[in-house]
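Visitor: I have a model open and would like to talk it through with you. Could you start with whatever I need in order to follow the packing?

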Amino acid sequence: MRLTDLKTRTRSWWMRLDPYVVQGVPRRYRLGMTLFWWYGVLISISSAFVDNFVTLFVLALGATSLQVGTLSSLSSFLGMLMPLPGAQWAARWGKLKPVVVISYGLRYGVLLLAALVPFVLSGSAAVYVIIGLFALRAAFLHLGNSPWTSLAGQIVPQNRWGRYFSSRKMVMALASLIFVPLAGQMIGVFPEPLGYQIGLGLAVVWGVLALIFFARIPEEAGKPATASGRTNFAFWRALSDNRAFWQFTLISMFFHFVWQFAGPYFGVYQVEGLGATSRVIGWLAIVSSLARMAGQAVWGRTVDQRGSQWVFTLCMLLIPIIPFIWLPLTAAWQVIFVNIPSGFLWAGQETGNFNLILGLAGKDGRTEEQKTQAIASYHTLVAIANILGPLAGGFVIEAIGYKWAFALSGFGRLAAAILFLMLLKPFDLRRLGRRKPVMP
């Protein structure tokens, strides 16, 4: 077979596969959808060298479990301050993309500084500086997160949200599947904390490459907001104008509190309670990524068939089981029994939640400025819950142990799931067909 024939067949196969979900989409969307898809792949590779190893990195520098919880709470505190300025910055500029590129670029700048800290500091000084830098990293993420979310809704037509975002998340999970174990093996080759520092450096390289792709996404320039326009659609009005969105935000706050009550400490428990190493965590991430890929394939189709509310609520009702699976574990390899349902269910929860936020925030013909402001208000209030959750969980762990915190988190998640069920009523909608859904 000639090389030209192979290229032709490969191109034909790729077009039939349609990974970017652009078949039948108006031409003006196609470039943005393709670039955004590849941006997701590259950002996932970058995260593979960081996200699963932050806890191990600070523990290697001598941090305590309470300091790990402090890192999570401080990150959430700074993150709480950022969404509204990010939304106002985008409104003042009249564009969303520059805010995202600048804020995410700063995020990788502080990540590079964190990689250099152990060369100049040690002991508690290094721990506190690293905590501060990782908190700043989270702050810059939240600064650009609301414009990023709003822009994602522009890049992809609404009737393709389910298929496109599930396809994108599935390939991101595949990238994690490949690179997280590689990162774990690479980190294990070097003495602590050098391996983690090298991993952070590689994360910066991949992250900058991802931002280059993101910067090429087309965006229609909007009209810069006037001061009065920004005042008229202030924080509370962004929420109170839509009762369903306000209620959804309140329940989300409660859910994030009980989730973060235990969330930051699962990684600590893997190390201190089950004896996990960076290599073990890397291999366990394979299982999580496979489960997440399966979840994206299943839930993406289900969103198109049954709607975001149905998928989101079902996953929320099942997620409370996960903390209880931790209770009988006695060895690090047994975390596989957590990672399988966790990866599968969180894939559906994230897909449904993302689509619900976009749909509810843009309800009733809101402008892009108003939509971005509403999303920023949601993220600000959720960040408050993310601050309080780890602090409360840390004190419970210090007083009565990890397993009590995990159990309390499980019961709290179940209560939040029931509240979401009462608000969204997805199963009643399908069966009775009487009430209109919350989301258009």
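Guide: Let me begin with a term: two residues are in contact when heavy atoms of theirs lie within 4.5 Å. Please also keep in mind that this is a predicted model.

Visitor: Okay, with that in hand, which helices do the buried residues of α9 pack against?

Guide: The buried residues of α9 pack against α2 (27-48), α3 (54-60), α6, α7, α8 (161-189) and α14 (278-306). Among the buried residues of α9 are G195, Y196, Q197, G199 and L200, and the list also includes A210, L211 and F214.

Visitor: How far does α9 reach, from its first C-alpha to its last?

Guide: Helix α9 covers residues 194-215, which is 22 residues, and it reaches 32 Å from its first C-alpha to its last, close to the 32 Å expected at 1.5 Å a residue.

Visitor: Stepping back, how many helices and strands are there in the protein?

Guide: The protein has 20 helices and zero strands. Of its 440 residues, 56% are buried, and among the contacts between residues at least 6 apart in sequence, 85% join residues at least 24 apart.

Visitor: What about the largest nonpolar core, which residues have the most contacts inside it?

Guide: That core has 123 residues, and those with the most contacts inside it are F36, F134, F248 and W326. Helix α7 (residues 123-155) gives the most to this core, with 12 residues.

Visitor: And what is F36 in contact with, leaving aside its neighbours within four places in sequence?

Guide: With those neighbours set aside, F36 is in contact with W148, A152, I155, Y164, F165, R168, F214 and I217. One of these, F214, also appears among the buried residues of α9.

Visitor: Switching to charges, how many salt bridges does a search of the whole structure find?

Guide: The search finds two salt bridges. In one of them R137 pairs with D51, with the closest N and O atoms 3.2 Å apart. R137 lies in helix α7 and D51 in the loop between α2 and α3, so this pair ties together parts that are 86 residues apart in sequence.

Visitor: Is R137 buried or exposed?

Guide: R137 counts as buried, because its relative accessibility is 11% and the cut-off for buried is under 20%. Its partner D51 is partly exposed, with a relative accessible area of 43%.

Visitor: And the other pair, E350 and R292, where does each sit?

Guide: The side chains of E350 and R292 meet in a salt bridge at 2.8 Å, N to O. The pair links distant parts of the chain, with E350 in helix α17 and R292 in helix α14, 58 residues apart. E350 is partly exposed at a relative accessible area of 28%, and R292 is also partly exposed, at 23%.

Visitor: Now the outside: which residues make the nonpolar surface patch?

Guide: The patch is made by L112, L113, L116, F119, V120, L121 and V129, and it covers about 640 Å². Helix α6 (residues 97-120) supplies the largest share of it, five residues. F119 lies in that helix, and F119 counts as exposed because its relative accessible area is 58%, where exposed means over 50%. For the protein overall, about 19100 Å² is exposed, and carbon and sulfur atoms supply 65% of that area.

Visitor: Last one, where does Q334 lie?

Guide: Q334 lies in the loop between α16 (321-325) and α17 (336-361). At 15% relative accessibility, Q334 counts as buried, and apart from its neighbours within four places in sequence, Q334 is in contact with P328 and L329.

Terms used
Residues are numbered from 1 along each chain as its sequence is written. This is a predicted model: local features need pLDDT of at least 70, side-chain atom pairs count only at pLDDT 80 or more; totals for chains, interfaces and linings use all residues. Side-chain values use heavy atoms; hydrogens and water are left out. Patches are made of residues with over 30% relative accessible area and no salt bridge: like charges are joined within 9 Å, nonpolar side chains (Val, Leu, Ile, Met, Phe, Trp, Tyr) within 5 Å. Accessible areas come from the Shrake-Rupley method with a 1.4 Å probe; for residues, only the protein chains shown count as cover. A salt bridge is a side-chain nitrogen of Lys or Arg within 4 Å of a carboxyl oxygen of Asp or Glu. Helices (H or I, at least four residues) and strands (E, at least two) are DSSP runs, numbered from the N terminus. Buried means under 20% relative accessible area, exposed over 50%, partly exposed in between (1.4 Å probe, protein chains only). A nonpolar core is a set of buried Ala, Val, Leu, Ile, Met, Phe, Trp, Tyr and Cys residues joined through side-chain atoms within 4.5 Å. The expected span of a helix is 1.5 Å times one less than its number of residues.
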